[in-house]
Amino acid sequence: MSQDLHALRSKLFDHIIEARRDQAVELLTIQGTARSYSHAVHEILEPVLVEIGERWANDRLSLAQGYVAGKVAEDILVKMAQASPHSEKSRKGPVVIGNIEDDYHALGRKMVVIFLAAAGWEVVDLGNDVLPAQFVDKAEEVSARVIGVSAMMLTTAENIRFVRQELDRRGLSGHVQLAVGGAVINLRPELVSSLGGDGTCKNAIQAPDLFDTLWARSLAFEGKTA
Amino acid sequence: MNSRERVFLTVQGDPVDRRAFSLILSLYGAKLTNCPLSEYYASPEKYLAGQRAVLELADPDILFAPFALPLEARAFGCTLKHFDTAPPNVIRPACKGLSDLAALHAPNVTDDSGLRYLVEATRLLVREFGGDKPVAALLTAPMDLPAPLVSMGDWIEALLFDAGKREELFSLASDHFVALATAFFEVGASFVVIPAMFTNPQFLNPKLVGEYVIPALARAFSRVPGPIVFHHGGNPLVPHLGLVRDLPNVLGFALDHRDSFAQTRAAVGEGPVLLGNLSGPHLPGFSPAEAYVRTRNIMLTLACDPRSIFCTSSADIPWSTPLETIKAVVAAVLDAGKEGA
């Protein structure tokens, strides 16, 4: 890695954790304009997001710092789309996500959408208070291999098990993987298996890795490879 | 020695007959009395009946007024949803975002039905049990209240990027906070408990917590006419105790189940009372035997700290917790008392 690239990543990291959103976006925009947005995103932003995600997962960064990272990613994606509106690059997905029935805590889900989109995923976001059958209906409709369900509280997280039951009932388990996340899942990781989840991650930045893993697992279940 | 004497001697660091204890059984009172939650969180008399049942079940040394913080948000215009087995929660903010703050108005404690319920339930608890037991009231920290009012994302946006809106929201929330806390003390609450999220570096950049949130919170706390217990708010407290330990009027700290009593004590000194730290939300997953052992282990760690009180940490004990598990926790506390732990 060149010294310049290392310095740029370091500067971007500092901008994000100090909540200097404008300066972070400016740094990436200069690089995007001078070289390419693909370079700015994949060579500079993504490694920084990985570092932030790891620190956040280990409680060394705050939700607000993760939020700033999300906003920077969102801003630069818009600029990237404006710069090359017809670029399809290697789109992944689609995947379906939403907050489970009775859950209205949207921030985590919205951040997951941003980071998945930044990683090239096509995301169908069903919003808040989504019934278990609606998740599975939509996954079938768009041929999604991953459903991501968010819940903040234990009471609402209990409804996730009905997504699993619906997948089982339709013979889709294995074909469609169930990602679960949210504050209560972080507090009580044992809920992942008891609610029927196939995987989780501790924060939104780590969602793309989780969805990569689950997508590959779905393909493997059908004897296919990515 | 009754519960009131036991708790107040603990606050002073004086000897007591056994360790004071409590469990957050605000919600559970409804289960014990088969009371629909839409009625339980609207009728002070039904809440009182629920807490009578809690006394029958556990006889804790401290009673809690309703743990229903979203009622405060509703008073500002938020929409709530009621659940069959959990306290109500906010499903829609009070305004359309940071550009719509003019739509927000601070409610009057005596005019809003939800706030009147919180204060009246506290008054009834004090009237019936206050001679024997301290009554603790809970309310939303002023830096946390804006989150449901404008949405969590918009509040973070204001905290990070819009000092004017940040100040406007904090001022509104602070005035409400002081008014409601004052009302609780006027009806006899012994202390108020303030769960706090946005003082925690897991939520907010430590620099912003230190430079803005703590000074603003100190101004609000200094206007409260009674003692405050600073509650961990769902995340460990120890890593940021240095930021909050000198806040005014703080009588003690409620610890997260992942916190260490010894580390907390080392950080805050001998004065403050420490409460905790058996996780309430985890209780449904424990067998009675496991809950008993965990409680005994915590009691052992408290043995050498005279200013500590055993309590459940985090939120209310969930509805699904078996009665036997709660009884096991109480038995463990009392057994430890008999053995002098």
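Start with chain B of this predicted model, where the mean pLDDT is 95 and 99% of the residues reach 70 or more. For the model as a whole, the scores to keep in mind are an ipTM of 0.81 and a pTM of 0.86. As a general caution while you move about, predicted coordinates should not be read in detail where pLDDT is low.

Next, show both chains together and select the residues through which they touch, a contact that takes 18 residues from chain A and 19 residues from chain B. On the chain A side, colour α4 (63–83), α5 (106–118) and α7 (154–157), since these are the elements of chain A that give two or more residues to the side touching chain B. Of that side, the largest share comes from α4(A), with 5 residues. If you then colour the side of chain A that touches chain B by residue class, you will find 10 nonpolar, 3 polar and 5 charged residues.

Now hide chain B and split chain A according to its domain assignment, which gives domain 1 as 3–83 and domain 2 as 92–221. Taken over C-alpha atoms, the centres of these two domains of chain A are separated by 25 Å. Select the contact between them, to which domain 1 of chain A contributes 12 residues and domain 2 of chain A contributes 10 residues. On the side of domain 1 of chain A that touches domain 2 of chain A, α3 (37–57) and α4 of chain A each supply at least two residues, and α4(A) gives the most, with 7 residues. The make-up of this side of domain 1 of chain A is 8 nonpolar, 3 polar and 1 charged residues. It is worth keeping α4(A) highlighted for a moment, as this helix gives residues to the side of chain A that touches chain B and also to the side of domain 1 of chain A that touches domain 2 of chain A.

For the last stop, centre the view on helix α6 of chain A, residues 132–142, and show the side chains of Pro132(A), Phe135(A), Val136(A) and Ala139(A), which are buried. Looking down the axis, you can see why they lie on the same side of α6(A): they cover an arc of only 90 degrees around it. To see what these buried residues of α6(A) pack against, add β1 (92–99), β3 (146–150) and α8 (160–169) of chain A to the display. Finally, step just past the end of α6(A) to Ser143(A), and check its backbone, which takes a positive phi of about 60 degrees.

Conventions
Residues numbered from 1 in each chain as written. Chains lettered and ligands numbered in written order. Predicted model: local features only at pLDDT ≥ 70, side-chain atom pairs only at ≥ 80, totals over all residues. Contact = placed C-beta atoms within 7 Å. Helix = DSSP H or I, 4+ residues; strand = E, 2+ residues; numbered from the N terminus. Nonpolar A, V, L, I, M, F, W, Y, C, P; charged D, E, K, R; others polar. Buried ≥ 20, exposed ≤ 12 C-beta atoms within 10 Å, placed from the backbone. Arc of directions from axis to C-beta. Domains from an automatic or database assignment. pLDDT = per-residue confidence, 0-100.
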